[in-house]
Amino acid sequence: MAASRLRPLTLTAVALATALTLTACTAGASGSHDAAADQPAQPAAVAVADVTTDEVVQVGRLTVAAAQEAASAALAACQAEDLGFVSVAVVDRAGQVQALVRGDGAAVHTLEAAQAKAYTSAAFGAATSELAPRAVGDGATVADLPGTLFLPGAVPVKIDGATIAGIGVGGAPDGMADEACAAAGLEALTGPAEG
């Protein structure tokens, strides 16, 4: 519906709300009691207008199938190294879980670690092994941000240079082993890394 067709309705609703308020105030001032004045005022109608596509940001996201494929490939890589007791999380850029796999024998804390590492990688657009040095220092650091974990074990998923997801692994005795498994999950989506 065009905005021009909504304006008269909005103005009418505002005028009606103003008239009701004035009537209630006048009745209260004259000393007479009106039961309607004791009722809460109804909110004015809110007009809804369409926005243009120039005012909307499109955010990329992995499909369910791609997220599951990456998680399964990361777990399989860990299992091949006798590290099947890890958990793998694939999250979108906002940290919302898209796929979560808990390996046989993986402790419960590995689920949270995998998710936090994946989110950290997605939010900062880099492998967590590269980010870990940023989390040290006197006073507050980025490590104090809720939901993040600056330990090796996650890689970002990028399309045309923009990060859209993170793959995190938690539970191996060494964070770099976690990260190698996460990289295998990424490779399942992108093919072998060049170089």
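Reader: At about what angle does helix α3 run to β4?
Author: In this predicted model, helices (H or I, at least four residues) and strands (E, at least two) are DSSP runs, numbered from the N terminus. Helix α3 takes in residues 109–124 and lies across β1, β2, β3 and β4. Axes are lines fitted to C-alpha atoms, for helices over the stretch in contact, with angles from 0 to 180 degrees between N-to-C directions, and contact means heavy atoms within 4.5 Å. Put that way, helix α3 runs to β4 at about 155 degrees.

Reader: What average pLDDT does the protein have?
Author: This is a predicted model, where local features need pLDDT of at least 70, side-chain atom pairs count only at pLDDT 80 or more, and totals for chains, interfaces and linings use all residues. Residues are numbered from 1 along each chain as its sequence is written, and side-chain values use heavy atoms, with hydrogens and water left out. pLDDT is the predictor's confidence in each residue, from 0 to 100. Here 77% of the residues score at least 70, and the protein's average is 84.

Reader: Over which residues does pLDDT stay under 50?
Author: Look at the start of the numbering. The model has 13 contacts beyond four places in sequence for this stretch. The stretch with pLDDT under 50 is residues 1–27.

Reader: In what order do the elements run from the N terminus on?
Author: The protein has five helices and four strands. From the N terminus on, they run α-α-β-β-α-α-β-β-α.

Reader: Which strands sit at the edges of the sheet?
Author: Two strands pair if DSSP finds at least two bridges between them. The four strands form an open, antiparallel sheet in the order β2-β1-β4-β3, and neighbouring strands are turned by 15 degrees against each other on average, direction ignored. Each edge strand pairs on one side only, and the edges are β2 (97–102) and β3.

Reader: Which residue of β2 stands opposite Val-90?
Author: β1 and β2 run antiparallel, joined by five bridges. Opposite Val-90, in β2, stands Ala-99.

Reader: And between β3 and β4, which residue takes a positive phi in the hairpin?
Author: Six bridges join these antiparallel strands, and Ala-154 stands opposite Gly-168 in β4. The hairpin has two residues between the strands. A positive phi near 50 degrees is taken by Asp-160.

Reader: Which element gives the most to the largest nonpolar core?
Author: A nonpolar core is a set of buried Ala, Val, Leu, Ile, Met, Phe, Trp, Tyr and Cys residues joined through side-chain atoms within 4.5 Å; buried means under 20% relative accessible area, exposed over 50%, and partly exposed in between (1.4 Å probe, protein chains only). The largest one has 24 residues, and those touching the most other members include Leu-62, Val-86 and Val-88. Elements giving two or more residues are α2 (64–80), β1 (87–92), β3 (154–159), β4 (162–170) and α5 (175–190). With seven residues, the top contributor is α2.

Reader: How many residues are in the second core?
Author: This core is separate, and includes Ala-89, Ala-114, Ala-118 and Ala-122. Its residue count is five.

Reader: Is Ala-70 buried or exposed?
Author: Ala-70 is found in helix α2. Leaving aside neighbours within four places in sequence, Ala-70 is in contact with Val-90, Ile-167, Gly-185 and Leu-189. Its relative accessible area is 0%, so Ala-70 is buried.

Reader: How is the one aromatic pair arranged: what kind is it?
Author: Rings of Phe, Tyr and Trp (its six-membered ring) pair if their centres lie within 6.5 Å; planes under 30 degrees apart count as stacked, over 60 as edge-to-face and the rest as tilted. A search of the whole structure finds one such pair. The rings of Phe-124 and Phe-150 have centres 5.5 Å apart and planes at 65 degrees, so the pair is edge-to-face.

Reader: How far apart in sequence are the parts this pair ties together?
Author: Phe-124 is partly exposed at 30% relative accessible area, while Phe-150 is buried at 9%. Phe-124 lies in helix α3 and Phe-150 in the loop between α4 (128–131) and β3, so the parts tied together are apart in sequence by 26 residues.

Reader: What separates the C-alpha atoms of Gly-171 and Ala-114?
Author: Gly-171 is in the loop between β4 and α5, and is partly exposed, with a relative accessible area of 29%. Gly-171 and Ala-114 are 57 residues apart along the chain. Their C-alpha atoms are separated by 8.0 Å.
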